[in-house]
Amino acid sequence: MNQPTPPDTSRARAPAQGVRPKSARRRSRELALQGLYEWQINRADPGVVDAHMREQDEFGKADVAHFDALLHGCIAQRDELDALLAPHLDRTVAELSPVEHGVLLIGLYELKHCLDVPYKVAINEAVELAKSFGGTDGHKYVNGVLDKAAAALRPAEVAAAPRRGR
């Protein structure tokens, strides 16, 4: 007589219902934000920051190519990205918290360079970063700034998107 096979309990348990595991891209954004924060606060060499981020436990679950693009792209293009952000801010770039600034740099970098990422996804991911790492209402500010930046950087995509409330 065949015995039923017991369930395999060696694998990690599924997340609770309604909670999805983090995607590799989300992990890369989180690590890039942490790296940008370290770079802004300590003025560390980007190579040192990169090496430090690669030592993190979660790094093996990240999209490494996306992490590299975000961290190194945001650092290399900081002045250009800040110039693109400035018209959409209600304060100077220097007055942004390091977390808000890092989140905005990542969101703007994705809007400008990662055309495979829909603009709404780039904004939503930045908002989620701000909720996880930023101040109480920082996510609202990030959403407003990146929404305006998206209209400037991806006008055709924004115009073609269905709007809520129609």
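**Close-up views of an all-helix model**

**View 1. Arg91 reaches over an aromatic ring.** The charged end of Arg91 sits over the ring of Tyr141, 4.1 Å from the ring's centre. This is a predicted model, and the distances in these legends are read from its coordinates. Tyr141 appears again in View 4, where it is one of the residues in contact with Leu104.

**View 2. Arg43 also sits over a ring, and it lies in a loop.** The ring here belongs to Trp39, and the charged end of Arg43 is 5.4 Å from its centre. Where along the chain is Arg43 found? Arg43 is in the loop between α1 (24–42) and α2 (46–54). Its backbone deserves a look too: phi is positive, about 55 degrees, although Arg43 is not a glycine. Is Arg43 buried or exposed? Arg43 is exposed, with a relative accessible area of 52%.

**View 3. Phe59 and Phe67 form an aromatic pair.** A search of the whole structure finds one such pair. The ring centres of Phe59 and Phe67 are 5.2 Å apart and the planes meet at 85 degrees, so the pair is edge-to-face. A pair of aromatic rings is described by exactly these two things: the distance of the centres and the angle of the planes. Now check the surroundings. Phe59 is buried, with a relative accessible area of 10%. Phe67 is buried as well, at 0% relative accessibility.

**View 4. Leu104 is buried in helix α5.** Helix α5 covers residues 98–113, and Leu104 is part of it. The relative accessibility of Leu104 is 0%, so this residue counts as buried. Which residues does Leu104 touch, leaving aside its neighbours within four places in sequence? Leu104 is in contact with Leu85, Leu89, Leu96, Tyr141, Val142, Val145 and Leu146. Take Leu85 as an example. Leu85 and Leu104 are 19 residues apart in sequence, and their C-alpha atoms are 7.9 Å apart in space.

**View 5. Cys74 and Cys114 are not bonded.** How many disulfides does a search of the whole structure find? The search finds zero. Why is Cys74 not bonded to Cys114? The closest cysteine sulfur to that of Cys74 is in Cys114, 8.8 Å away, which is too far for a bond. Seen from the other side, Cys114 is in no disulfide, and its nearest cysteine sulfur is that of Cys74. A disulfide is a covalent bond between the sulfur atoms of two cysteines. Both residues are out of reach of the surface probe to a great extent by the numbers: Cys74 is buried at 0% relative accessible area, and Cys114 is buried at 7%.

**View 6. The whole protein, and how far to trust it.** The protein has eight helices and zero strands. Along the sequence the pattern reads α-α-α-α-α-α-α-α. Of the 166 residues, 40% are buried. The accessible surface comes to about 9900 Å², and carbon and sulfur atoms hold 52% of it. Take the contacts between residues at least 6 apart in sequence: 69% of them join residues at least 24 apart. The mean pLDDT is 88, and 86% of the residues reach 70 or more. Residues 1–16 have a pLDDT below 50, and beyond near neighbours in sequence this stretch has one contact in the model. Where pLDDT is low, the predicted coordinates should not be read in detail.

Terms used
Residues numbered from 1 in each chain as written. Predicted model: local features only at pLDDT ≥ 70, side-chain atom pairs only at ≥ 80, totals over all residues. Heavy atoms only, no water. Phe/Tyr/Trp six-rings, centres within 6.5 Å; stacked < 30°, edge-to-face > 60°. Buried < 20%, exposed > 50% of the residue type's maximum accessible area, 1.4 Å probe, protein only. Lys NZ or Arg CZ within 6 Å of the ring centre and 35° of its normal. pLDDT = per-residue confidence, 0-100. Contact = heavy atoms within 4.5 Å. Helix = DSSP H or I, 4+ residues; strand = E, 2+ residues; numbered from the N terminus. Areas by Shrake-Rupley, 256 points an atom, 1.4 Å probe, with all protein chains shown as cover. Disulfide = S-S within 2.5 Å.
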